[in-house]
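I open the notebook on a new structure today. My topic is empty space, and then the strands beside some of it.

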Amino acid sequence: MLMLCKHFIMIMHKYIKEECMGKIKLSLATAILLSGVSLTADSLGEAFENGKFSGQARFFYIDRTYSGTVENNRNSLAAGGYLKYESAPFYGLSVGTALYSTNLVDIHDDDPRTSASYDPSLFGGDFDSYTYVGELYLNYAIGNTNIKLGRQKLDTPLAGSDDARMLPNLFEALVVSNTDIPDTTLIAAHVTKEAVGTFGNVYSEGALSLQSGYGLGFKEATSGSFRDMGVVALGAGTDTDGVSAVAAIYSGVEGLKLQAWDYYAHDILNALYLQADYSIKINDSVGIKGALQYINESDIGDKLAGDVDSNYWAAKIGANYGALSGYVAYSQTDSSSGSMNGGIITPWGGMPAFTQGMVTRHQFFSDTDALKVAVGYDFDSLGVPLKATLYHTEFDVGASNTYQPGTAWTAKEDGFDLIYQARSDLQLRFRGNFPSDFAPGLDWNEYRFIVNYNF
């Protein structure tokens with residue numbers, strides 16, 4: 001057991017030195033913390049023996065039928081998920097690793113595989129099955145401070161997992177969080193690389209991908225390949241010093257949550273994200289919620305994305321009456337221009353917009369107003385573990401957009417989402433989205449059936 005643990009530590013050390021530390025310089029304080037830990041054989045053995053496995057098995061079927069400018073039906077089935085191991089902490093130090101996998105269940109048998117028959121959002125860049133080490137990290141907790149270094153899952157407003165298909169986006173990063181200040185979480189992070197999840201493969205490189213959560217070079221990072229954040233955003237040859245971020249999240253007033261994030265994407269842009277949420281409970285059955293969000297982006301350094309000067313804001317108000325709930329959201333992205341950007345750039349999977357549809361993410365296009373209305377009902381109050389949501393979105397896209405330059409039009413999307421919690425560890429989900437004029441004259445009907453088994 002001792003030899004096995006020593007071998008595992010050597011692998012972790014080699015990974016951190018060669019893969020993760022390329023552009024993340026471990027702080028002196030962290031180095032002292034790590035070097036000061038005395039690892040004895042018996043204690044280290046217990047740390048690994050008391051570690052735990054977890055994971056999720058996922059089965060995903062998707063069927064999309066195009067009409068209008070494209071007439072076609074495609075559908076696909078995939079099976080996969082992830083398996084994770086995390087050791088118990090030893091003097092605050094733990095290690096974790098996770099394998100991620102997606103596997104084609106071929107219901108077409110076409111050769112070669114193309115998007116005429118197969119949906120690309122469930123597989124690798126070439127409709128391939130693949131398995132890879134998506135997480136591999138050291139975690140150190142001391143007092144109210146936590147330090148996590150290595151491959152990991154991130155869920156932040158403008159850089160996130162976007163886990164909407166088979167596999168999520170994953171990142172190589174150093175993340176430090178602290179809760180010494182009452183009711184406040186402070187975060188500092190530096191992200192160097194990203195492996196783009198399967199959802200990215202549904203896009204082609206261009207303005208649509210750049211403003212819908214995926215950049216111009218995301219295909220460089222498909223099928224489990226971790227690539228530089230600059231390459232993912234703007235394509236091959238744009239290696240950068242990564243993305244540095246700081247955040248403060250405050251929840252010291254009852255019903256109120258405030259958060260501020262600042263992302264410094266070296267030589268590309270600086271992005272400020274602000275959000276405020278407030279909720280009031282009128283009585284045991286009635287509640288009211290409201291929220292505001294704001295994004296500002298501006299070019300910095302070498303301006304690798306050209307001139308960037310963009311603003312987006314949104315407001316949302318909702319209410320619940322017992323098991324029934326609903327909300328209305330409205331957003332605006334101002335008129336802006338640039339060599340690559342006519343709106344809000346979101347190349348790293350972050351998609352926090354109140355007004356986004358299930359697939360239509362046009363709210364970040366230049367000179368665009370968006371509206372979303374949604375209503376939900378929780379049938380658990382009737383003894384059925386089912387949650388149902390219906391929604392409608394509209395996007396009044398201005399002519400300065402970069403997806404269809406010079407064309408103004410209104411895109412719409414209706415949809416539903418049914419989540420049935422068969423058991424605490426088994427979820428069945430049925431979703432549908434029905435965009436009209438996603439691009440002028442392009443419509444489709446899409447259905448998804450997802451099984452998630454957590455263990």
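I looked up the largest cavity first, and it holds about 60 Å³ of space. The model is a predicted one. My search of the whole structure gave 2 cavities of 30 Å³ or more.

Next I asked which residues line the largest cavity. They are Leu158, Tyr263, Leu269, Ala271, Glu297, Ile345, Thr346, Pro347 and Trp348. I sorted this lining by class: 7 residues are nonpolar, 1 is polar and 1 is charged.

I turned to the pockets. The second largest pocket has about 440 Å³ of space. Its lining counts 19 residues, and Tyr66, Val202, Tyr203, Ser204 and Leu208 are the closest to its centre. By class I noted 12 nonpolar, 4 polar and 3 charged residues in the lining of this pocket.

Which elements each supply at least two residues of that lining? I found β1 (52-68), α4 (207-210) and β21 (442-454).

I then followed the strands. β1 and β21 run antiparallel and are joined by 13 bridges. I checked one position: Phe59 has Val451 in β21 as its bridge partner.

β21 also pairs with β20 (residues 426-436), in the antiparallel sense, over 8 bridges. Here I met Val451 of β21 again, standing opposite Leu428.

Last, I looked at the hairpin of β20 and β21. It has 5 residues between the strands. Asp437 in this hairpin takes a positive phi near 55 degrees.

Notes
Residues numbered from 1 in each chain as written. Predicted model: local features only at pLDDT ≥ 70, side-chain atom pairs only at ≥ 80, totals over all residues. Heavy atoms only, no water. 1 Å grid on protein atoms, 1.4 Å probe; cavity = no way out; pocket = protein on both sides within 12 Å on 5 of 7 lines; lining within 4 Å. Points joined across faces, edges and corners; volume = space filled by probe spheres on them. Nonpolar A, V, L, I, M, F, W, Y, C, P; charged D, E, K, R; others polar. Helix = DSSP H or I, 4+ residues; strand = E, 2+ residues; numbered from the N terminus. Pairing = 2+ DSSP bridges.
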